[in-house]
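This report looks at how two helices pack against one another and then turns to the surroundings of a single residue. Please keep the structure in view while reading.

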Amino acid sequence: MASVTLTIDGRQVTVPRGTSVLEAAEAAGIFIPTLCHDPDLSPWGACRLCVVEIPGMRNLPASCVTEATEGMVVYTASAPVLEARKTILELLLASHPEDCLTCHRNGDCRLQDYAYYYGVRASGFAGERRALPVEDENPFIVRDMSKCILCGKCVRVCQEIQGCHVVDFTYRGFGTKITPAMNVPLGESDCVFCGNCVAYCPVGALVEKPMLGKGRRWEVRKVRTICPYCGTGCTMELNVKDGRVIGVTSAPDGDVNGKALCAKGRFGMGFIHHPDRLQAPLIRKNGELVEASWEEALELVASKLKEIKEAHGGEAIGFLSSARCTNEENYLLSKLARAVVGTNHIDHCARL
């Protein structure tokens, strides 16, 4: 593959042809802030926070949509660049709610991080502020469009990764906002509530409703595990506080799924601490189900299977496997059915 060599902040960097300036800088370990860019999504160039200075180019181009070329010279932290970034942050903060103390994303907000990094304490632009109603009528996602910075990540996730095309930019100018068609609430749209838009949102405009008020980001311990709902093997992170799972977030470096999760994986973990959850095997004694040890339960199942096989033959018994089990566990169940019990009546809950 053809490559190009450019100079970024005095350092020579060689990258494959077609690489953006932002990607070239990241490959060299050079920091460039961005709010709208994500390697999973198409280049957008909306937030303009990733501007750099390139002699010979008009103005300050956005590095995420500028292709690196042979011999290009790039300055990522010159005086004009720093001034531009501070001005962009001030413009974003001009109509952004100042409720960081109570915002669910406090401590995990890219806008907050960059304002701190560049020393932007307040906006110098006074004027009208957006005051849009908080949408929380559905049980999964809270949308506060007053906090939306119009980075477009949720739009691209919905279109490019999910293929649902539920939300898009509507209206124009200061009134621009992201919403489903006809400006209906999310619960009345075709949204499948996968929550992937929440995973990509850099601010507090989209948050997981089940986790609201249950813990600050820095109070949560993340435990990486595999989603139990099907055999795909998606990686996810259980958010644990005080020994309880308060929610699920995706792991950007998950081998199978990256940031993507389905609705069950992201929002279907309420069963973990549900009061009706079975925590021990139940067997029937004198017509009532009572708790038993695993040894007692397995002994009962084995004896009943043996009785049925002796009386009616192995083909009278059927086995139902589960997508929540590993491939190895399902294989062992198949061997138990065919080699031990002597039946081919085995099915799988996810086959239909």
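In this predicted model, the axes of helix α2, which covers residues 79–94, and helix α3, which covers residues 110–117, come within 10 Å of each other and cross at roughly 135 degrees. An angle over 145 degrees would count as roughly antiparallel, and one of 65 to 115 degrees as roughly perpendicular, so α2 is described as oblique to α3. The crossing of these two helices is, in addition, left-handed.

Where α2 and α3 meet, L89, L92 and L93 are the residues on the α2 side, while L111, Y114 and A115 are those on the α3 side. Sorted by the character of their side chains, the residues of this contact divide into six nonpolar, no polar and no charged.

A second place to examine is E160, which lies in helix α4, the helix of residues 153–161. Is E160 buried, partly exposed or exposed? Its relative accessibility is 39%, and because this value falls between the limits of 20% and 50%, E160 counts as partly exposed.

Leaving aside residues up to four places away in sequence, E160 touches L41 and S42. The table sets out two distances that involve E160, and the kind of distance should be read with each value.

| Pair | Kind of distance | Value |
|---|---|---|
| E160 and D40 | C-alpha to C-alpha | 9.1 Å |
| E160 and S42 | polar contact, side chain to side chain | 2.6 Å |

Although E160 and D40 are 120 residues apart in sequence, their C-alpha atoms are 9.1 Å apart in space. With S42, the side chain of E160 makes a polar contact to the side chain of that residue.

Methods
Residues numbered from 1 in each chain as written. Predicted model: local features only at pLDDT ≥ 70, side-chain atom pairs only at ≥ 80, totals over all residues. Heavy atoms only, no water. Axes fitted to C-alpha atoms, helices over the stretch in contact; angles between N-to-C directions. Helix = DSSP H or I, 4+ residues; strand = E, 2+ residues; numbered from the N terminus. Parallel < 35°, antiparallel > 145°, perpendicular 65-115°, else oblique. Left-handed = near helix turned anticlockwise from the far one by under 90°. Contact = heavy atoms within 4.5 Å. Nonpolar A, V, L, I, M, F, W, Y, C, P; charged D, E, K, R; others polar. Buried < 20%, exposed > 50% of the residue type's maximum accessible area, 1.4 Å probe, protein only. Polar contact = N/O pair within 3.5 Å; in protein donor to acceptor, adjacent residues only side chain to side chain.
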